[in-house]
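Work through the exercises below with the structure open. Each task is followed by a solution in steps.

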Amino acid sequence: MNRIGDVPEIQLISSQLRELQKTGAIQAWEAPCTRILTRRSAALYFITAVSEEMEALIWDTLKVHEGFGYQLNQYPDISSLRWCITFNNDPANS
């Protein structure tokens with residue numbers, strides 16, 4: 001069992017997002033509340049890509065994770081970034 005805030009899968013995804021930001025694919029990203037989670041499937045990540053062309057690179061990078069999905073952000077009270085990314089096998093996600 002994972003300890004609260006110590007979820008290797010969440011840390012890996014956050015690391016990948018940081019790397020995508022360093023390489024210029026992501027303009028901004030956020031992962032609210034990940035420090036209090038115990039599983040990846042409960043995490044919400046928000047991103048804004050540098051361009052629409054870069055979105056394909058981002059999706060290709062993250063699709064290796066089980067349950068990967070994305071949709072336009074439906075949670076403006078949580079984040080103002082364009083996309084919401086989840087890893088929970090929700091059919092509403094792409």
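The exercises go from the whole chain to one helix and then to three loop residues; the model is predicted.

**Exercise 1. Describe the order of the elements and the overall dimensions of the protein chain.**

Solution.
- Step 1: The protein chain has two helices and four strands. Read from the N terminus, their order is α-β-β-α-β-β.
- Step 2: The radius of gyration is 12 Å, and the globule rule gives 12 Å for 94 residues, so the protein chain is as compact as a globular protein of that length.
- Step 3: Along the principal axes, the C-alpha atoms fill a box of roughly 40 × 25 × 25 Å.
- Step 4: Of the 94 residues, 40% count as buried.
- Step 5: Take the contacts between residues at least 6 apart in sequence; 56% of them join residues at least 24 apart.

**Exercise 2. Characterise the surface and the charges of the protein chain.**

Solution.
- Step 1: The accessible surface comes to about 5700 Å². Carbon and sulfur atoms account for 50% of it.
- Step 2: The protein chain carries 8 positive and 11 negative charges, and the mean positions of these two sets lie 8 Å apart.

**Exercise 3. Find the buried residues of helix H2 and say how they are arranged around its axis.**

Solution.
- Step 1: H2 covers residues 52-62, and its buried residues are Glu55, Ile58, Trp59 and Leu62.
- Step 2: Viewed down the axis of H2, these buried residues fall within an arc of 95°, so they line one face of the helix.
- Step 3: The general rule is that an α-helix has 3.6 residues a turn, so residues three or four places apart point the same way.
- Step 4: The packing partners of the buried residues of H2 are helix H1 (8-22), strands E1 and E2, strand E3 (68-72) and strand E4 (83-87).

**Exercise 4. Decide whether threonine 34, histidine 65 and leucine 81 are buried or exposed, using the cut-off of under 20% relative accessible area for buried.**

Solution.
- Step 1: Threonine 34 sits in the loop between strand E1 (26-30) and strand E2 (45-49). Its relative accessibility is 15%, so threonine 34 counts as buried.
- Step 2: Histidine 65 is in the loop between H2 and E3. With a relative accessible area of 11%, histidine 65 is buried.
- Step 3: Leucine 81 lies in the loop between E3 and E4. The value for leucine 81 is 12%, so this residue is buried too.

**Exercise 5. List the contacts of histidine 65 and leucine 81, leaving out residues up to four places away in sequence, then compare sequence separation with distance in space.**

Solution.
- Step 1: Histidine 65 touches Leu12, Ile13, Gln16, Arg40 and Phe87.
- Step 2: Leucine 81 touches Ala28, Trp29, Glu30, Phe46, Ile47, Thr48 and Asn73.
- Step 3: Leucine 81 and threonine 61 are 20 residues apart along the chain, and their C-alpha atoms are separated by 19 Å.
- Step 4: Threonine 34 and tyrosine 45 are 11 residues apart in sequence, with a C-alpha to C-alpha distance of 9.0 Å.

Technical notes:
Residues numbered from 1 in each chain as written. Predicted model: local features only at pLDDT ≥ 70, side-chain atom pairs only at ≥ 80, totals over all residues. Heavy atoms only, no water. Buried < 20%, exposed > 50% of the residue type's maximum accessible area, 1.4 Å probe, protein only. Arc of directions from axis to C-beta. Contact = heavy atoms within 4.5 Å. Rg over C-alpha atoms; globule rule 2.2 N^0.38 Å. Areas by Shrake-Rupley, 256 points an atom, 1.4 Å probe, with all protein chains shown as cover. Lys, Arg positive; Asp, Glu negative; His and termini not counted. Charge placed at Lys NZ, Arg CZ, Asp CG, Glu CD.
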